[in-house]
Amino acid sequence: VLIFSLIYSSNFSKGIEEIRKILPLILLPFVFFFCYKNQIKKKIPVILNAFVFANLIYIIYLYNFIVLKLSPYKEFGFRNEIYPVKFVKSFFIPFNKILLKAIHVQYQPPSLMFHKAYMSISVLLIFLFLVVLIHWFSMPNIFVLGLMSVLFVFKFLNKKIIFIGALVVSGILLISSPFIKSRLDSNSIFNVNYNQVTQFIKNTFSDSDKDLSGRAAINKCSVKLVKDSPLLGYGLGAANDVLLDCYEDSNFTSELKGKLNSHNNYFHLYLSGGILALLAFIYLIINGISVSKNSFLYLSFLVVIVVNMGFENILYRSHGILFFSIFNTMLYFFVKEENQNNYKWN
């Protein structure tokens, strides 16, 4: 569908560049299909263990950067400590504060290193790194963590409904207690993120363009553009161009200056290839969910992707494309074959 949309795209060369970028989405399933039984299947445990190890190295490298490059600054308050103490204390500094300082330091790290969404989608699948995930406080992935925790309880514990009901009631009572409420009110990290989310939802559904900024402004333009071309979209390569035009018309100056994309992969698919492109992807996800009925890992992976695509163009950046292409294809074939074997065995 996206390739077909090049016919009516106003930016054909950018569309070709995007096709080149998403080639793994097309090619890797064929590679896995032809190599799976002979080459890949027996190496899946090795691949998954390597993934866990790679994330561990990544986390160590990240916090080592924080200690070596950021700890000398006064505002972090631990520049005179020894290295191990600095490393531990770095987990108690609000990560948004670290991000702001990291932008300005000399020898900046690669941009992905401090992109919370892309960092979190990998780490979220490994419960060993739960402390790190909570420190980063990527709101979509904190939501996914809570959702998957409930699904895990529902799937594996007996007396599920009673347990979950008691859990929900206990959670409501706990949060409404004066002690917990006062702790939440005084927690700057929680309040900043909570206010961002509520403001985002309020502004997105507002009828006025006044004082809109950030994702709310982006969504406002995305919805307007979808309404203007609901069937075919604007063609691959032109989605960002029409967004920039909308920013200019709506006087969203900071979004125009930053040349921000849709920050929502569903909108990006719709703006690129229209309703057919979006429905094709939804079918792919539903098919994956139907296959994942006996695999909590694969289901968790799909939930991570589905939620994060509502806040980032996961399949627009090369790291998101490779992450999705490799793990979705590998887990799909593995889980599907396991389901068939179980069916035959039964």
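A residue counts as exposed when its relative accessible area is over 50%, and as buried when that value is under 20%. Asn251 comes out at 59% relative accessibility, so this residue falls in the exposed class. The structure is a predicted model, and the values that follow were all computed from it.

Asn251 sits in the loop that links helix 13 (239-250) to helix 14 (253-257). Its backbone is a bit out of the ordinary: phi is near 65°, a positive value in a residue other than glycine. As a rule, most residues other than glycine have a negative phi. His263 shows a positive phi too, near 50°, and belongs to the loop between helix 14 and helix 15 (265-291). With burial, though, the two part ways. His263 has a relative accessibility of 19%, and because the buried class takes values under 20%, this residue counts as buried. Its surroundings can be listed: setting aside neighbours within four places in sequence, His263 is in contact with Arg215, Ile218, Gly310, Phe311, Glu312 and Asn313.

Zooming out, the protein chain is built with 17 helices and 0 strands. Of its 346 residues, 42% are buried. Taking contacts between residues at least 6 apart in sequence, 67% join residues at least 24 apart. A separate pairing brings in the start of the chain. Phe4, in the segment before helix 1 (12-21), has its C-alpha atom 8.2 Å from that of Gly273, although the two positions lie 269 residues apart along the chain when counted as sequence separation. Phe4 is nonetheless exposed, because its relative accessible area of 52% is over the 50% cut-off.

Helix 15 turns up again in the packing of helices. Its axis and that of helix 12 (residues 214-228) come within 10 Å and cross at roughly 35°, and the crossing is left-handed. On the helix 12 side, the contact is made by Asn219, Ser222, Val223, Leu225 and Val226, while helix 15 supplies Phe267, Tyr270 and Leu271. Sorted by class, the residues in this contact are 6 nonpolar and 2 polar, with no charged ones.

The second largest pocket also involves helix 15. This pocket has a volume of about 900 Å³. A total of 32 residues line it, and those closest to its centre are Leu25, Ile26, Phe281, Leu284 and Phe324. Helix 1, helix 2 (23-40), helix 15 and helix 17 (318-345) are the elements that give two or more residues to the lining. Helix 15 provides the largest share, with 10 residues. As for chemistry, the lining divides into 23 nonpolar, 7 polar and 2 charged residues.

How values were computed
Residues numbered from 1 in each chain as written. Predicted model: local features only at pLDDT ≥ 70, side-chain atom pairs only at ≥ 80, totals over all residues. Heavy atoms only, no water. Helix = DSSP H or I, 4+ residues; strand = E, 2+ residues; numbered from the N terminus. Buried < 20%, exposed > 50% of the residue type's maximum accessible area, 1.4 Å probe, protein only. 1 Å grid on protein atoms, 1.4 Å probe; cavity = no way out; pocket = protein on both sides within 12 Å on 5 of 7 lines; lining within 4 Å. Points joined across faces, edges and corners; volume = space filled by probe spheres on them. Nonpolar A, V, L, I, M, F, W, Y, C, P; charged D, E, K, R; others polar. Axes fitted to C-alpha atoms, helices over the stretch in contact; angles between N-to-C directions. Left-handed = near helix turned anticlockwise from the far one by under 90°. Contact = heavy atoms within 4.5 Å.
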